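Biologist: I'd like to go through this protein with you and ask how you back up the words you use for it. Can you show me the model?

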Amino acid sequence: MNNYELMVIFTPVLSEEEFKTAQKKYTDLVAGAGGEIVYSNPWGLKSLAYPVQKKTTGIYWVVEFIAPSTFNETLKIQLLRDEQVLRHMVTKLDKYAVGYNARKRSGVSYKNEKAEAE
């Protein structure tokens, strides 16, 4: 089992209900493969750096999960088939990134932690 971070940019024309349904679809996909969602963070509507499919905004969603490495291909196929997804990126997290994300979620900054150690 490996740690991953998935960032998905959905089309901006989704309603709040459709966005929640899309999130549930992918969280269920992870759970169905024997994985586990560690953290989910919907960023909401943001401007894109450049137009994608003639759209200048997108609905961002970042999710951190644990899953077997064989799951990546299944996830990639599902994301590419989904017409609501403009872009996606899956990143494998090492132990330092996992620790950093955990500290960031708990509100502990790296500077405070470094000062306490000295």
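**Strands, burial and a pocket**

Modeller: Let's start with the strands: β1 and β4 run antiparallel and are joined by eight bridges. One of the pairs puts isoleucine 9 with its bridge partner in β4, arginine 87. Keep in mind that this is a predicted model.

Biologist: What makes β1 and β4 a pair?

Modeller: Two strands pair if there are at least two bridges between them. β1 and β4 have eight, so they meet the cut-off of at least two.

Biologist: How do you know that β3 pairs with β1 and with β2?

Modeller: Same test, so count the bridges against that cut-off of at least two. Nine bridges join β1 to β3, and eleven join β2 to β3. Both pairings run antiparallel. On the β1 side, asparagine 2 has alanine 67 of β3 as its bridge partner, and tyrosine 4 stands opposite phenylalanine 65. Isoleucine 37 also stands opposite phenylalanine 65 in β3.

Biologist: What lies between β2 and β3 in their hairpin?

Modeller: Two residues. Glutamine 53 sits in that turn, with a positive phi of about 50 degrees.

Biologist: How many helices and strands does the chain have, and in what pattern?

Modeller: Four helices and four strands. Going along the sequence, you read β-α-β-β-α-β-α-α. The C-alpha trace spans about 50 × 30 × 25 Å along its principal axes.

Biologist: Why is glutamate 64 called buried?

Modeller: Buried means under 20% relative accessible area. Glutamate 64 has 3%, so it counts as buried. This residue lies in strand β3. Leaving out neighbours within four places in sequence, glutamate 64 is in contact with Tyr4, Glu5, Ile37, Val38, Tyr39, Leu93, Asn101 and Arg105.

Biologist: What makes the link between glutamate 64 and arginine 105 a polar contact?

Modeller: The N or O atoms have to be within 3.5 Å. Here the side chains are joined at 2.8 Å, so the distance fits the cut-off of 3.5 Å.

Biologist: Is aspartate 82 buried or exposed?

Modeller: Buried, because its relative accessibility is 11% and the cut-off is under 20%. Aspartate 82 lies in the loop between α2 (71-81) and β4 (85-93).

Biologist: And what does the side chain of aspartate 82 make a polar contact with?

Modeller: With the side chain of lysine 25, at 3.5 Å. Beyond four places in sequence, aspartate 82 is in contact with Lys25 and Tyr26.

Biologist: Why is serine 106 called exposed?

Modeller: Exposed means over 50%. Serine 106 comes out at 51%, so it counts as exposed. You'll find serine 106 in helix α3. Its C-alpha is 27 Å from that of leucine 29, with their positions 77 residues apart in sequence.

Biologist: How much of the chain is made up of buried residues?

Modeller: 28% of the 118 residues.

Biologist: Where is threonine 27, and what does its side chain reach?

Modeller: Threonine 27 is found in helix α1 (residues 16-32). Its side chain reaches the backbone oxygen of lysine 24 at 2.9 Å. Not counting residues up to four places away in sequence, threonine 27 touches Ile37 and Trp61. Its C-alpha is separated by 17 Å from that of glycine 44, which is 17 residues along the chain.

Biologist: Which residues line the largest pocket?

Modeller: Glu5, Met7, Tyr39, Asn41, Trp43, Val62, Val63, Glu64, Tyr100, Asn101, Lys104 and Arg105. The elements that give two or more of them are β1 (2-10), β2 (36-52), β3 (55-67) and α3 (95-106). The largest share, four residues, comes from α3. About 260 Å³ of space lies in this pocket.

Biologist: How does that lining divide into nonpolar, polar and charged residues?

Modeller: Six are nonpolar, two are polar and four are charged. Glutamate 64 and arginine 105, whose side chains share that 2.8 Å polar contact, are both among the lining residues. Asp, Glu, Lys and Arg count as charged, so these two belong in that group.

Technical notes. Residues are numbered from 1 along each chain as its sequence is written. This is a predicted model: local features need pLDDT of at least 70, side-chain atom pairs count only at pLDDT 80 or more; totals for chains, interfaces and linings use all residues. Side-chain values use heavy atoms; hydrogens and water are left out. Buried means under 20% relative accessible area, exposed over 50%, partly exposed in between (1.4 Å probe, protein chains only). A polar contact is a pair of N or O atoms within 3.5 Å; within protein, one must be able to donate a hydrogen and the other to accept it, and residues adjacent in sequence count only if both atoms are side-chain atoms. Contact means heavy atoms within 4.5 Å. On a 1 Å grid over the protein atoms alone, a cavity is a set of points where a 1.4 Å probe fits but cannot get out, and a pocket is an open set with protein on both sides within 12 Å along at least five of seven lines; lining residues have an atom within 4 Å of a point. Grid points are joined across faces, edges and corners, and a volume is the space filled by probe spheres set on the points.
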